[in-house]
Amino acid sequence: MSLESRIYSAAISMFGAGIKLVGLRNRKAGLLSSGQRDIWNRLENRFSDNDRIIWIHAASLGEFEQGRPLIEMIKKERPEYKVLLTFFSPSGYEVRKNYDLADCVCYLPLDTPDNVRRFLDMAKPEMAIFIKYEFWRNFLSQLWHRSIPTYLISAVFRPDQLFFKSSGKWYAKWLEWYKYIFLQDQKSQELLAKVGIRNTAVYGDTRFDRVSDIRAKRKDIPVLEIFTRHSDPNHSPVMMAGSSWPEDEAIYSGWINSHPDIKLVIAPHEFNNHRLASLKKLFRNEAVLMSETDKNPGLIKNARVMIIDCFGLLSSAYAYCDIAYVGGAFGSGLHNINEPAVYDIPVIFGPNNNKFIEAQEMANAGGAFPIHGKDDFKRIADALFYNNSLRKEKGINAGNYIRSKTGATEKIFKKIFYQ
């Protein structure tokens, strides 16, 4: 074992020990720690020697949604394969641990040599597919040494990543262990070529296929239809704030409060009783929780803000709004802007969007509006909410952008299985 490998593996072991310690007082770390212990029980006797296994790995829930169209296509077109689905983050695993198209779902073991050998000996995958990123040295090396073809799909690379720094040549070498890297854009391919990685092709992003499928199968939400009156051509304009954080509410809440003719549907990214109470107070008690309307539908009549206090409705809820504000980009990073855009509505979001190709492309296509603060939001909201033709034009631009990007899943599938 090389010095590099020993140092890397020691760091992974230290990380695992830290997770156990932090897990004693942190719920998310605790879930990860207990999930790591449960991996081997979930794998034990799950597959027979005759099973043909495809291992698909997603870091978290967002990457799962990105890879979901490919999983669905594999199960439909190649039913002889069984799917082993792994997650690294509890936010993915805890939501999708019972995903019905996977034959086994578990956490990814920590990337130590012993864990890797044990996992691959038990799973015996015929191929491995990683979604967007995840560069685990020992897994990639061992897959390569076992001649198990390994793919990276919907990947995107940026100049500031370690691969492209003089100190990161050892890191870039890991990418040679992928049989093929399916990229979102040409810039990523050019970056990889500069460090000698040429097992690549630009095939696009499978997330566009996913949101198109979501639109086709979207859920009806009767309470939102009553609240927004969206089917009525004369309904009051509605803004949907999806995956909203307190930093986002600081941007748009003042404008919403000063425009009583505008309705708001807000889906906070995370919530508890304290967070929900704070939101109701922020919007001057003109807000109602969706759960409250189940017992008392009359609350809808006098409400101007509805708070979605359950999970699983956001992607369908966008269908009931006229403008979307997508949160996260005044904090750690932008959430999914493709989900609202697929419904032909313009999208507003914050400045921390440089890691998201679609943010720049949708803005350039005239369907999205990056902002830097309250003044930007006010200027754009004033223009879009009070000019119906402009709002519809920008919404069509957003939808056309999504439609121009579909098809990556089928191309990736054919390349993996038939070429």
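The paragraphs below lead through a predicted model, beginning with a buried strand and its neighbours and going on to the nonpolar cores, a pocket and a tryptophan.

A convenient place to start is strand 5, which spans residues 150-155. Six of its six residues are buried, so the strand is largely enclosed by the rest of the structure. On one side of the account stands strand 4, residues 125-131, which pairs with strand 5 in the parallel sense over four bridges; within this pairing, Ile 129 has Tyr 151 of strand 5 as its bridge partner. The connection between these two strands involves helix 6, residues 137-145, and strand 4, helix 6 and strand 5 together make a right-handed β-α-β unit. Strand 5 is also joined to strand 6, residues 180-183, by three bridges, and these two strands likewise run parallel. In that pairing, Ala 155 stands opposite Leu 183 of strand 6. When reading the side chains here, it helps to recall that in a regular strand they alternate between the two faces of the sheet.

Ile 129 appears again in the largest nonpolar core, which has 73 residues and in which Trp 55, Leu 84, Phe 119, Ile 129 and Phe 157 are the residues with the most contacts inside the core. For Phe 157, if residues up to four places away in sequence are not counted, the residues touched include Leu 152, Ile 181 and Leu 183, together with Phe 135, Phe 163, Phe 164 and Leu 175, and also Ser 188, Leu 191 and Leu 192. Apart from this core lies another one, of 42 residues, among them Val 223, Leu 314, Tyr 320 and Ala 368.

The second largest pocket has a volume of about 400 Å³. Its lining consists of 17 residues, of which His 230, His 235, Asp 322, Arg 391 and Lys 392 lie nearest the centre of the pocket. Helix 18, which covers residues 388-404, gives the most to this lining, contributing four residues.

Finally, Trp 255 lies in helix 11, residues 246-257. Is this residue, Trp 255, buried or exposed? Its relative accessibility is 6%, and because buried means under 20%, Trp 255 counts as buried. Leaving aside neighbours within four places in sequence, Trp 255 is in contact with Ile 262 and also with Phe 377, Lys 378, Ala 381, Asp 382, Phe 385 and Tyr 386. By way of a distance along the fold, Val 288 is 33 residues from Trp 255 along the chain, and the C-alpha atoms of the two are separated by 19 Å.

Note on methods:
Residues are numbered from 1 along each chain as its sequence is written. This is a predicted model: local features need pLDDT of at least 70, side-chain atom pairs count only at pLDDT 80 or more; totals for chains, interfaces and linings use all residues. Side-chain values use heavy atoms; hydrogens and water are left out. Buried means under 20% relative accessible area, exposed over 50%, partly exposed in between (1.4 Å probe, protein chains only). Two strands pair if DSSP finds at least two bridges between them. A crossover is right-handed if, with the strands pointing away from the viewer, the path from the first strand over the helix to the second runs clockwise. A nonpolar core is a set of buried Ala, Val, Leu, Ile, Met, Phe, Trp, Tyr and Cys residues joined through side-chain atoms within 4.5 Å. Contact means heavy atoms within 4.5 Å. On a 1 Å grid over the protein atoms alone, a cavity is a set of points where a 1.4 Å probe fits but cannot get out, and a pocket is an open set with protein on both sides within 12 Å along at least five of seven lines; lining residues have an atom within 4 Å of a point. Grid points are joined across faces, edges and corners, and a volume is the space filled by probe spheres set on the points.
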